[in-house]
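Trainee: Could you take me through how one reads burial, packing and surface features from a model of this kind?

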Amino acid sequence: MTKKQEQYRFWVLIISALVLAALAMYFAPIRQSRNFYNYADQRTLLGIPNFWNVITNLPFLIVGILGLNKYNRKKILSIEPIANKSYMTFFVGLIAIFFGSSYYHLVPDAFSLMLDRISLSVAFIALYCIVLTEYISPTLGQRLLFPLITYSMLAVLYWYISDTLTGRGDLSAYILVQVIPIVHLPLAVWLFTSNFSHGRFYIYALIAYALAKWAESNDDFLYQLTGEISGHSIKHLFAALGGFFVYWGLIKRSKLKKG
């Protein structure tokens, strides 16, 4: 790929981000559904409210711990040291999702949902920065990691404050935290070339997350269909599977030879 081709492809990412941001501003305020907290499965088991929506967060904790364990291995660190911070942040984010989402489903309200969304944002932004680092620039993703995490936290805080004031907070800033990485991840893998093997695992992770969103939007249908587990609980399992694909790709990868 020539330098000019690389610049053109980079502009595809910039323009798409600007278009998405403009759309979010145009449609703002974007309100949360009025029955957002009314999940299909609200059973209490073993004294735990919303048992299955709580317990299905456990895979996030497992994958996060596995990832941090591998992160500390010298062999993993030596592959691309500049991405270490993003990988550590991603796996810490998965552990935070376990605590944030579990607490939210134990006590479903705006405050606990704010904590849940902050933890999810940290993991999402970290993965985004990993892909930017490995496919576009060794330093770009690392330079963006802290500013983007700061933005994501402020976006969630803005939703929470507006929700407290109006009863239906504005999600327009927060939506970009998820939508831009979802759009850019496949574009980056398609348009750019990584120096590492097993990049397809990022696509597997994205597919798993798409299935998670589908399950979430079919919460009642899947609960009625199975009679045992709701779409929201299945969402947790698919989303954690996405995190596992990132972990799996990390431990299997190797640095490709140039030329």
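**Reading burial and packing**

Mentor: Let us begin with a single residue, keeping in mind that this is a predicted model. Lys235 has a relative accessibility of 15% and therefore counts as buried, since the cut-off for that class is under 20%.

Trainee: Where is Lys235 found, and with which residues is Lys235 in contact, leaving aside its neighbours within four places in sequence?

Mentor: Lys235 belongs to helix H11, and, once those neighbours are set aside, its contacts are Ala212, Ala215 and Glu216. Two of these names return when we turn to helix H9, as Ala212 and Ala215 are among the buried residues of H9.

Trainee: Which other residues of H9 are buried, and against which elements do the buried residues of H9 pack?

Mentor: Besides that pair, the buried residues of H9 are Phe201, Tyr202, Ala205, Leu206, Ala208 and Tyr209. The buried residues of H9 pack against H5, H6, H8, H11 and helix H10, which covers residues 219-226. One can also check the length of the helix: at 1.5 Å a residue, the 18 residues of H9 should span 26 Å, and its end C-alpha atoms are 26 Å apart, so the two values agree.

Trainee: How many residues does the largest nonpolar core have, and which have the most contacts inside it?

Mentor: The largest nonpolar core has 64 residues, and those with the most contacts inside it are Tyr87, Phe90, Leu94 and Tyr202. Elements that give two or more residues to this core include H1, helix H3 (58-71), helix H5 (84-106) and helix H9 (200-217), while H6 gives the most, with 16 residues. Not counting residues up to four places away in sequence, Tyr87 touches Tyr71, Ile130, Glu134, Tyr202, Val246, Leu250 and Arg253.

Trainee: Is Phe99 buried or exposed?

Mentor: Phe99, which is placed in helix H5, has 51% relative accessibility and so counts as exposed, the cut-off being over 50%. Sequence separation and spatial distance should be read side by side here, for Phe99 and Phe60 are 39 residues apart in sequence and 9.1 Å apart in space, C-alpha to C-alpha.

Trainee: Which residues form a nonpolar patch on the surface?

Mentor: Trp11, Ile15, Val19, Leu23, Tyr26 and Phe27 form such a patch, and together they have about 700 Å² of accessible area. Leu23, which lies in helix H1 (residues 3-27), is partly exposed because its relative accessible area of 43% falls between the cut-offs of 20% and 50%.

Definitions and conventions. Residues numbered from 1 in each chain as written. Predicted model: local features only at pLDDT ≥ 70, side-chain atom pairs only at ≥ 80, totals over all residues. Heavy atoms only, no water. Patch = residues over 30% accessible without salt bridge, like charges linked within 9 Å, V, L, I, M, F, W, Y side chains within 5 Å. Areas by Shrake-Rupley, 256 points an atom, 1.4 Å probe, with all protein chains shown as cover. Salt bridge = Lys/Arg side-chain N within 4 Å of Asp/Glu carboxyl O. Helix = DSSP H or I, 4+ residues; strand = E, 2+ residues; numbered from the N terminus. Buried < 20%, exposed > 50% of the residue type's maximum accessible area, 1.4 Å probe, protein only. Core = buried A, V, L, I, M, F, W, Y, C linked by side-chain atoms within 4.5 Å. Contact = heavy atoms within 4.5 Å. Expected span 1.5 Å × (residues − 1).
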